[in-house]
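Let's take a walk through this structure together, one region at a time. Have the viewer open and follow along.

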Amino acid sequence: MLACSGCGMHEIFYRREHEGVSLCRKCFVDSVETKVRRTITGRQMLELNDTIAVALSGGKDSVALLRILWKLERRYPPARLVALTVDEGISGYRTEAISISREVCNALNIDHVVISFDELFGVTMDDIASKRNELQPCSYCGVLRRKALNGGALSVGASKLATAHNLDDEAQTALLNVMHGDVERILRPSSASIKTQARFVPRIKPLAEVPERETTLYAYATRTRFQSQACPYGHEAMRGDIRIMLNRLELKHPGVKHTICRSVERLSESFEETGAARVFRACSVCGDPTPNDECEACKMLKTLKACSRTSSESVSVQAVRSR
Ligand code: SF4
Ligand code: ZN
Ligand code: ZN
């Protein structure tokens with residue numbers, strides 16, 4: 001039997017190709033938690049006494065993130081965690097995710113808040129998807145969810161908003177932006193650089209260096225329940241193609257996803273250093289920070305003829321306290 005490269009004792013559970021190590025279940029779980037802790041400290045994501053709102057969709061990445069932050073918080077207090085779940089109004093899909101999220105929060109004794117598109121924007125993803133729109137459902141969903149999460153984080157007094165984007169998500173988004181020719185998004189300043197904006201909760205991505213495969217395995221290894229059913233509206237087609245291409249590349253050239261993410265980060269940092277990064281101001285409709293006159297969400301809601309009750313301050317949340 002081949003022994004674990006970490007403890008030298010137990011049976012191998014996972015081979016981490018880009019580091020050339022094979023780990024047992026316990027050493028694998030420890031290594032993921034250590035990686036997240038190093039990402040948080042290396043990128044200075046947290047400060048003492050932060051209240052961290054964790055975006056919890058109920059999927060593998062977000063339940064893994066919540067569990068890891070919960071463990072770190074117990075070891076390195078005092079931070080406060082609150083979980084935020086967005087109900088986009090996708091029938092037959094979100095109900096299960098909300099119930100799993102609630103179950104995970106109850107088990108970890110973490111406050112759980114649900115924010116609904118319907119209450120906040122007066123429109124659901126089912127409404128949006130049933131109309132013939134200019135963009136695909138995911139484009140609306142992504143922008144509106146960002147706004148809902150920022151509003152939810154403000155409403156619970158969070159000083160940071162943690163999202164479960166993993167290494168694969170980040171590498172895919174980087175290439176997607178290049179393929180869409182979206183230079184502004186490629187050079188978008190990091191959340192930390194716009195943290196002084198009013199009504200903006202800085203975002204952190206503690207899983208940014210953990211591959212998707214490892215967040216899935218982490219959830220299995222820690223026996224954490226998560227939703228595996230896919231959204232009926234699917235993902236953007238080009239993202240799916242990029243995902244396949246990147247996975248093939250990673251097999252042949254381990255570490256390529258890390259390299260792509262680092263390159264884009266360096267580009268963005270260099271651009272910020274030039275001082276040419278865009279200035280943020282208050283959206284003329286809702287007051288949320290935006291580099292334009294109107295924020296993306298308000299523009300979308302206008303086109304959907306539902307631009308009412310959009311202010312982050314009007315977020316009405318259904319809080320489920322588990323302790
Ligand atoms: Fe929203 Fe698209 Fe994700 Fe479905 S797949 S939850 S529509 S972003
Ligand atoms: Zn081991
Ligand atoms: Zn707005």
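Which loop is Arg223 found in? It is the one between helix H9 (212–221) and helix H10 (237–252). Before going further, keep in mind that this is a predicted model. Arg223 makes a good starting point because its backbone is a bit unusual: phi is positive, about 55°, although the residue is not a glycine. Its relative accessibility is 67%, so Arg223 counts as exposed.Asn49 is a second residue with a positive phi, about 70° here, and Asn49 is not a glycine either. Look for Asn49 in the loop between helix H1 (25–42) and S3. Its relative accessible area is 55%, and since the cut-off for exposed is over 50%, Asn49 is classed as exposed.

Now zoom out for a moment. The protein chain has 323 residues, and buried ones make up 47% of them. Its secondary structure comes to twelve helices and ten strands. If you take the contacts with a separation of 6 or more, 74% of them are between residues 24 or more positions apart.

From the Asn49 loop you can step straight into strand S3, which covers residues 51–55. S3 pairs with S4 in the parallel sense, over five bridges. To line the two strands up on screen, pick Val54 and look for its bridge partner in S4, which is Ala83. Strand S4 runs over residues 80–87 and is mostly covered, with six of its eight residues buried.

What does S4 pair with besides S3? Strand S5 (residues 111–116) pairs with S4 in the parallel sense, over six bridges. Ala83 helps again here: its bridge partner in S5 is His112. To get from S4 to S5, the chain goes through helix H3 (residues 94–108), and this β-α-β crossover is right-handed. If you are tracing side chains along these strands, recall that in a regular strand they alternate between the two faces of the sheet.

Next, go to helix H7 (residues 167–179) and find Asp168. Is Asp168 buried or exposed? Its relative accessible area is 4%, so Asp168 is buried. Who are its neighbours? Setting aside residues within four places in sequence, Asp168 is in contact with Pro211, Glu212, Asn247 and Lys257. Two of these sit in helices you met at the start: Glu212 falls in the range of H9 (212–221), and Asn247 in that of H10 (237–252).

Now for the metals. The zinc ion (ligand 2) has four protein donors, the SG atoms of Cys4, Cys7, Cys24 and Cys27, lying 2.3 to 2.4 Å from it. In sequence these donor residues are spaced C-x2-C-x16-C-x2-C. Why is the arrangement called tetrahedral? The four donor atoms subtend angles of 101 to 118° around the zinc ion (ligand 2), and four donors count as tetrahedral if all angles lie between 85 and 135 degrees. For reference, the ideal angle for four tetrahedral donors is 109.5 degrees. Two of the donors differ in how covered they are: Cys4 is buried at 4% relative accessibility, while Cys7 is partly exposed at 30%.

The zinc ion (ligand 3) also has four cysteine SG donors, from Cys283, Cys286, Cys295 and Cys298, and they lie 2.3 Å from it. Their spacing in sequence is C-x2-C-x8-C-x2-C. The angles among the four donor atoms are 103 to 114°, and the site is tetrahedral. Among its donors, Cys286 is buried with a relative accessible area of 6%, Cys295 is buried at 8%, and Cys298 is buried at 0%.

While you are at this second zinc site, look at Asn292, found in the loop between strand S9 (289–290) and helix H12 (296–303). Asn292 is partly exposed, with a relative accessible area of 33%. Its C-alpha atom is separated by 7.5 Å from that of Phe280, and the two residues are twelve apart along the chain.

One last check on the cysteines. How many disulfides does the model have? The count comes to zero. Cys261 is a further cysteine to look up, and at 8% relative accessibility it counts as buried.

Definitions and conventions
Residues are numbered from 1 along each chain as its sequence is written. Chains are lettered from A and ligands numbered from 1 in the order in which they are written. This is a predicted model: local features need pLDDT of at least 70, side-chain atom pairs count only at pLDDT 80 or more; totals for chains, interfaces and linings use all residues. Side-chain values use heavy atoms; hydrogens and water are left out. Donors are N, O and S atoms within 2.8 Å of the metal (3.2 Å for Na, K and Ca); water is not among the atoms, so sites may look incomplete. Four donors count as tetrahedral if all angles lie between 85 and 135 degrees; four count as square planar and six as octahedral if opposite donors are over 155 degrees apart and all others between 65 and 115; anything else is irregular. Buried means under 20% relative accessible area, exposed over 50%, partly exposed in between (1.4 Å probe, protein chains only). Helices (H or I, at least four residues) and strands (E, at least two) are DSSP runs, numbered from the N terminus. Two strands pair if DSSP finds at least two bridges between them. A crossover is right-handed if, with the strands pointing away from the viewer, the path from the first strand over the helix to the second runs clockwise. Contact means heavy atoms within 4.5 Å. A disulfide is a pair of cysteine sulfur atoms within 2.5 Å.
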